[in-house]
Amino acid sequence: MALMSSSIQNNTGNSSATVPSSRTRTFRSGNTTIQLQEGQTLKGVVSDVHGNEITLSMEDGSSFTGKLPEASQYSIGQKAAFQITSLDQNTIYMKATGSAYLLDMEDTIEQALEEANLPKSERNLEVVRSLLQNQQSISRENILSSIRFCAQFPEADVHAVITMRRLNMPMTQASVQQFENYQNETHQLLQQMNTLGDSIGHMLASIGTQVPRLAKEVGTQLLQLALEGNPSLEERNLTGQQEQSVTGQNVEAAETKPENQQIEQEENMVLNETLPEGNVSESAKEVASPFAKMRQLLTTLTENAVGKSETDSVQNSNSRETFIHEQTGFILTPQERESFAAFLKDYPIADVVKQELIDGTMTARNFLETILKAFPEMTEEQAGKLLASKSFHAIVKGQFTSNWTISPEQLKEETGLDELYGKMSKQWDVLSKFSEQVLGKNIFTDVTNQAKSMNDNLDFMKLLNQTFQYIQLPLKMQGQNAHGDLYVMTRKESIKKNPDHLKVLLHLDMENLGTLDIQIAKENTAVSANFFVEEKNIMKLLERNMNLLSDAINEQGYAFTSELSLKEKQLDIIKDFMSADAPVGDIKRYNFDLRA
């Protein structure tokens with residue numbers, strides 16, 4: 001029974017307080033009486049906290065709500081103990097007995113379900129557990145409401161549903177699944193790209209071995225999709241270097257360029273006729289927008305401090321370092337290139353192409369363009385065997401991965417990130433419907449489901465950006481691809497008021513540097529960066545390259561300072577970012593009477 005007229009205050013020993021002579025008093029509320037005595041310790045579970053009001057559900061089944069200046073220091077579900085220092089007619093003077101008497105969460109969860117007359121099913125236990133973890137009321141009403149709400153998503157993780165509800169996030173089956181992915185740290189687009197690339201390889205192998213008569217058709221459609229769009233900046237630079245290194249080739253290249261452009265335009269026209277255009281989501285620019293204000297700073301950082309350190313830590317024997325990501329020398333080992341060139345011996349492919357494949361200098365784009373042109377001259381058997389080849393799968397995967405990743409140099413381009421996300425969205429939409437469009441029915445569920453999930457990931461990032469500013473950065477780094485998360489810690493309202501003040505967090509998962517978190521603050525022309533690393537040797541490696549970063553940023557007109565520290569804990573997207581300063585929502589708190 002709640003004694004709403006009671007007032008609980010900490011007795012701090014103020015001599016001006018009126019101390020009654022009686023040491024025992026009886027408090028009434030309705031038909032219930034509670035007898036309290038000075039020096040008595042009251043123990044119970046904090047069932048609600050609102051402002052300076054706290055509701056304590058005691059061990060005998062009674063409960064009361066009163067005022068406590070330190071109420072905000074307590075959490076719902078926490079066991080608390082207070083000692084009565086003096087009693088007055090309408091006021092109970094109390095003091096906390098310390099923080100050692102804490103809730104055994106599992107006992108409280110079971111107790112809450114018992115008092116609410118609800119079964120202790122595993123899902124009900126999870127609901128109450130999640131309410132406590134989210135600092136939500138565990139009143140009978142709120143437990144029932146939460147159980148009913150979670151029933152709308154029977155396959156979803158309860159904690160994800162309760163947390164999204166607290167954050168007032170729009171909820172669909174797809175968005176809840178994506179929230180779970182972020183919660184479980186399986187959200188990385190780069191990992192999903194790798195899985196999708198493997199699924200495309202399995203699809204090609206199935207067609208090549210089981211229905212070789214469709215190999216040319218399917219191969220043509222897929223390669224046209226993979227080759228869609230412009231070459232990467234690195235490919236363009238490589239082409240320019242190669243043209244300059246070959247005497248007398250510049251004029252010839254200039255003469256043939258219009259013809260090549262015409263061929264590319266014709267191929268794109270064929271692609272648009274044979275494959276669905278794809279829903280290029282408007283979320284591409286919305287997702288990419290947080291990066292704009294920090295583009296130059298972050299690209300300078302990844303190129304100089306992170307990029308140089310990464311290079312320093314790679315063994316010189318790694319032959320991949322001599323190739324760009326798009327070259328077959330990066331995608332295949334020397335042995336694989338030799339074996340694949342021998343496999344292509346009887347195919348209608350020029351010897352110069354096979355030699356460049358062996359050397360590793362040929363790009364995946366140029367090789368797939370060659371295959372695309374050679375398909376009409378191949379037999380069905382040849383086309384089928386080609387689609388079943390693991391080396392062919394690797395080159396196709398390498399081309400798609402190049403389409404979906406971006407280098408620090410490309411990040412400098414104003415539209416670089418927008419184009420990246422636009423290309424990802426369109427190609428994943430096409431792949432999610434590929435087998436249905438090309439073969440007439442959806443028989444390759446892995447490709448379909450993976451591509452759809454990745455587009456759902458983009459939509460979820462758009463959803464996050466309605467409140468938070470966050471984007472994933474699938475990066476092409478020296479000799480590897482790396483996952484990056486960019487968090488804009490300054491809320492949108494603050495940025496509007498003071499656009500010169502900005503705080504971001506760049507989270508990187510690197511092959512050689514491990515996990516790296518970089519907090520960057522910009523105040524007008526002053527820039528500070530705090531690096532958090534996992535090991536001391538990585539810290540020393542960054543220190544050796546920090547002057548490169550400092551010089552590069554100072555040259556841009558900024559005053560730069562930096563600090564390096566060992567990381568104390570891993571970043572948690574849900575707890576450290578989404579939940580930080582998040583709206584609690586319109587979920588009301590209730591007094592929790594254990595006897596209800």
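How many residues does helix 19 have, and what distance does helix 19 reach from its first C-alpha to its last? To find out, open the model, which is a predicted one, and select residues 416-432, the stretch that forms helix 19. There are 17 residues in this helix, and the distance from the first C-alpha to the last is 24 Å, close to the 24 Å expected at 1.5 Å a residue. With helix 19 still selected, show its surroundings: 14 of its 17 residues are buried, so helix 19 is largely enclosed by the rest of the structure.

**The whole chain**

Now zoom out before going on to the next stop. The protein chain holds 24 helices and 14 strands, and buried residues account for 50% of its 596 residues. If you consider the contacts between residues at least 6 apart in sequence, 67% of them join residues that are at least 24 apart.

**Helix 6 against helix 19**

Keep helix 19 in view and add residues 189-210, which make up helix 6. The two helices pack at an angle of about 35°, and their axes are 13 Å apart, in a crossing that is left-handed. To see which side chains take part, show Leu189, Met193, Leu196 and Ile200 on helix 6, and then Tyr421, Met424, Trp428 and Leu431 on helix 19, which they meet. The residues of this contact divide into 8 nonpolar, no polar and no charged.

**Helix 2 against helix 3**

For another pair of helices, select residues 122-133, which are helix 2, together with residues 140-150, which are helix 3. Their axes come within 10 Å and cross at roughly 115°, and this crossing is right-handed. On the helix 2 side the contact is made by Arg123, Asn124, Val127, Val128 and Leu131, and on the helix 3 side by Asn142, Ile143, Ser146, Ile147 and Cys150. Sorted by type, the residues of this contact comprise 6 nonpolar, 3 polar and 1 charged.

**Two asparagines in loops**

Next, select Asn117, which you will find in the loop between helix 1 (105-115) and helix 2. Although Asn117 is not a glycine, its phi is positive, at about 55°. Is this residue buried or exposed? Asn117 is exposed, since its relative accessible area is 62% and the cut-off for that term is over 50%.

Moving along the chain, select Asn168 in the loop between helix 4 (158-166) and helix 5 (173-183). Asn168, a residue other than glycine, also has a positive phi, near 60°, and at 48% relative accessibility it counts as partly exposed.

**Arg236 and Thr379**

Go on to Arg236, whose place is in helix 8, residues 233-245. Arg236 has 39% relative accessibility and therefore counts as partly exposed. Show its contacts, leaving out residues up to four places away in sequence, and you should see that Arg236 touches Pro231 and Glu413.

Then select Thr379, which sits in the loop between helix 15 (364-374) and helix 16 (380-388). This residue is partly exposed, with a relative accessible area of 42%. Add Lys216 to the view, and the C-alpha atoms of Thr379 and Lys216 will appear separated by 9.0 Å, although the two residues are 163 residues apart along the chain.

**A buried aspartate in a strand**

Turn now to residues 480-488, which form strand 10, and pick out Asp485 within this strand. Its relative accessible area is 2%, so Asp485 is buried. Which residues is Asp485 in contact with, leaving aside its neighbours within four places in sequence? They are His187, Tyr470, Ile471, Gln472, Leu505, Leu506 and His507. Of these, Ile471 can be checked with a distance tool: Asp485 and Ile471 are 14 residues apart in sequence, and 6.0 Å apart in space from C-alpha to C-alpha.

**A kinked helix to finish**

For the last stop, select residues 536-554, which are helix 23. This helix has 19 residues and reaches 27 Å from its first C-alpha to its last, close to the 27 Å expected at 1.5 Å a residue. Where is the kink in helix 23 centred? The kink, of about 45°, is centred on Asn545. Asn545 is also one of the buried residues of helix 23, which include Leu541, Leu542, Met546 and Leu549 as well.

Definitions and conventions: Residues are numbered from 1 along each chain as its sequence is written. This is a predicted model: local features need pLDDT of at least 70, side-chain atom pairs count only at pLDDT 80 or more; totals for chains, interfaces and linings use all residues. Side-chain values use heavy atoms; hydrogens and water are left out. Helices (H or I, at least four residues) and strands (E, at least two) are DSSP runs, numbered from the N terminus. The expected span of a helix is 1.5 Å times one less than its number of residues. The bend at a residue is the angle between axes fitted to the seven residues ending there and the seven starting there. Buried means under 20% relative accessible area, exposed over 50%, partly exposed in between (1.4 Å probe, protein chains only). Axes are lines fitted to C-alpha atoms, for helices over the stretch in contact, and angles run from 0 to 180 degrees between N-to-C directions. A crossing is left-handed if the near helix is turned anticlockwise from the far one by less than a right angle, and right-handed if clockwise. Contact means heavy atoms within 4.5 Å. Ala, Val, Leu, Ile, Met, Phe, Trp, Tyr, Cys and Pro count as nonpolar, Asp, Glu, Lys and Arg as charged, and the others, Gly among them, as polar.
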